[in-house]
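Please open the structure in the viewer and keep the selection tool at hand. The tour moves from one selection to the next and states what is found at each stop.

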Amino acid sequence: MSATSAEAGPDSSWWRAGAGRIAAGTALPAAVALLPWLSGTDPALTVLRARSADQDPTPAQLAAVREELGLDQGPLTHLLHWLGGLPRGDAGTSWVSGEPVLPQVTSAFAVSFTLMLGAFVVTVAVVALISARTLYLGSRRRLRRRQSGTAAAVLAALPKFLLASLLATVGGVWLGWFPSSGWEGPASMVLPSLALGVPSGAMIGGLVERSLPAAFQEPWARTWHAFAFPRGLVARTALRRALAGVLPQLLPTVVALVGGAVAVEKIFNIPGLGRLALDAAIAQDLPPLQTATLVLILLGVAAGLLLQTLRRALLGPALRAGGLSTPPPAALPRQRATRWIAAACAAALLALVVGGLLRDPLAVDTAARLLPPSLTHPLGTDSLGRDLLARLGHGALRTAGVALAVTAVSATLGLLLGMAGRLSAGLTEVISTLPAVLAGLLTTAVTGPSVWGAACAVCLVGWTPYAAQTAALLEEERASGHMLASLSFGAGPRYLLRHHYIPAVLPALVRNALLRLPTAVLVLASLGFLGLGEQPPTPEWGRLLSENQPYVELAPWTVLAPAGALVLLSVLAVTATASRSRKR
């Protein structure tokens with residue numbers, strides 16, 4: 001009898017997962033329905049401005065809009081009316097355009113889903129490139145050292161909107177290989193798929209590459225090698241074993257792109273679901289926003305169930321029979337260059353900070369706008385003539401501090417919720433596809449725009465990758481032979497937590513958090529760019545990227561400097577942890 005079945009029967013587990021899905025799927029649309037009334041801004045004013053851009057409407061105009069939309073009836077009436085129309089295929093009409101909502105959302109979803117599939121293909125290709133060397137050497141028992149993870153950290157730290165701008169400029173405008181704007185055919189999805197898939201693939205690939213050495217050290221791998229089993233079969237089996245723990249990451253990393261690729265959709269002028277939801281949220285256009293949210297909820301639940309089925313198929317009967325082998329992490333030394341890479345990144349960041357702190361980050365010189373790097377301005381200047389080195393140096397501690405705090409809180413929440421088992425599975429599926437921008441609008445409607453309000457918004461959605469990872473690893477641990485042995489000897493919950501659960505989850509969770517550290521910076525920047533987080537002229541790295549993104553073609557150094565700093569921070573976090581684990 002497996003540990004999983006000992007804790008709760010299958011029927012109980014499915015009921016708890018279903019209860020979580022229903023609870024989260026009900027609470028989220030209800031929260032969205034409250035948005036116009038929570039924001040503190042008159043919904044009639046927002047809708048009227050979205051319709052006609054009239055900045056000073058008269059009281060009579062506002063009263064007419066309130067009467068037309070029935071805003072005086074309150075959010076509950078609107079929510080019930082919208083829900084009542086769904087069984088008839090009626091999702092209401094847009095408050096701004098007056099057009100039926102369902103055709104708009106359906107068309108936008110089809111575009112975003114197709115784009116997500118393209119990004120998934122790129123993700124798989126990047127994962128294959130990152131893990132190919134480890135897979136090749138491991139199948140031949142020639143894996144002597146762990147990879148430093150530098151390549152994965154560099155690619156994962158690339159801002160998607162910056163990569164999209166570069167691809168649109170180089171591949172679309174300069175070379176003319178693919179369309180740089182619009183959505184007219186398969187060729188239109190190549191560049192945006194690359195922009196979305198490369199960082200996502202690097203993140204997934206880094207996790208797969210770290211999991212493979214342990215898979216190759218399992219007893220079956222040693223036995224198969226001794227009996228001269230085909231190397232291809234050994235490689236495929238090890239890959240299946242490693243993918244089982246990483247597969248749940250596809251939901252918050254790739255599937256979530258359906259609603260979370262707003263920046264890339266705007267750069268390439270793609271009429272996707274994320275862009276539609278953002279425009280509706282800003283205009284407080286409730287019917288399309290509610291419908292888009294419902295579509296994302298259903299997508300998250302469907303994708304979560306599909307990934308769970310695929311994962312159980314990869315693990316096979318051993319998961320149900322309690323026959324999984326989960327040895328300690330592979331005791332392979334790190335590459336010698338890892339320590340030097342960490343030292344070089346630390347020295348470069350220290351030089352940036354010290355050099356920047358000696359300069360004024362707020363000094364504006366319109367005569368020195370967009371100057372290239374020189375002795376006077378080592379990293380150049382921005383569109384207002386401000387020194388980029390100064391702004392990077394002064395924003396370093398704030399950027400790193402807030403990002404580390406957000407990542408730590410998100411990872412802790414994910415760990416706790418992931419340990420709740422099936423009860424949190426439905427909640428994870430529902431929240432995984434929720435765009436951070438929507439969470440930011442809901443949060444700042446209560447807290448007001450501030451950096452910590454934006455941080456809370458990121459934490460509200462940022463815990464899902466860690467919860468999915470924790471739940472997957474714990475399920476494997478409970479189905480392992482040594483776990484069953486501990487239970488047969490009467491091990492209690494505290495012993496299991498200290499000697500089984502935490503050691504099985506924490507190292508992988510930390511690696512995942514380090515790879516996602518730059519993502520926290522960029523999400524915070526996107527919220528600040530929308531007026532929901534850090535406000536100008538604060539020199540925050542993510543905001544520097546957002547402010548200077550329009551000048552990528554004219555003055556590329558304005559974005560290369562903060563992007564390079566983010567890459568250095570990501571590589572430092574990954575390699576420093578690798579060097580520390582090597583010492584242990």
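Begin with the largest cavity, which has a volume of about 70 Å³. The model on display is a predicted one. In general, rolling a probe the size of a water molecule over the atoms shows where empty space is left. The structure holds 4 cavities of 30 Å³ or more.

To see the walls of the largest cavity, select R398, T399, V402, V451, A454, L524, A525, G533, E534 and E540. Two or more of the lining residues come from each of the elements α20 (388-418), α23 (451-462) and α27. Which element gives the most to this lining? It is α20, with 3 residues. Colouring the lining of the largest cavity by class gives 5 nonpolar, 2 polar and 3 charged residues.

Next, select helix α27, residues 517-529. This helix also leads to the largest pocket, to whose lining it gives the most, with 6 residues. About 1,200 Å³ of space lies in that pocket. For a view of its centre, select G260, A436, T519, V523 and S526, the closest to the centre among the 48 residues that line the pocket. The lining of the largest pocket consists of 31 nonpolar, 14 polar and 3 charged residues.

Now select C456 and C459 and display their side chains. How many disulfides does a search of the whole structure find? The search finds 0. The sulfur of C456 has its closest cysteine sulfur in C459, at 6.3 Å, which is too far for a bond, because a disulfide requires the two sulfur atoms to be within 2.5 Å. The two cysteines may also be viewed by accessibility: C456 counts as partly exposed, at 43% relative accessibility, whereas C459 counts as buried, at 12%.

The last selection is helix α19, residues 337-357. Its 21 residues reach 30 Å from the first C-alpha to the last, close to the 30 Å expected at 1.5 Å a residue. Highlight T338, A342, C345, L349, L352, V353 and G356, which are buried. Why do these residues lie on the same side of α19? They cover an arc of only 95° around the axis, and therefore share one side of the helix. As a general rule, an α-helix has 3.6 residues a turn, so residues three or four places apart point the same way. Finally, rotate α19 to the face turned away from its buried side, where the exposed residues W340 and L350 are carried.

Technical notes: Residues numbered from 1 in each chain as written. Predicted model: local features only at pLDDT ≥ 70, side-chain atom pairs only at ≥ 80, totals over all residues. Heavy atoms only, no water. Helix = DSSP H or I, 4+ residues; strand = E, 2+ residues; numbered from the N terminus. Expected span 1.5 Å × (residues − 1). Buried < 20%, exposed > 50% of the residue type's maximum accessible area, 1.4 Å probe, protein only. Arc of directions from axis to C-beta. 1 Å grid on protein atoms, 1.4 Å probe; cavity = no way out; pocket = protein on both sides within 12 Å on 5 of 7 lines; lining within 4 Å. Points joined across faces, edges and corners; volume = space filled by probe spheres on them. Nonpolar A, V, L, I, M, F, W, Y, C, P; charged D, E, K, R; others polar.
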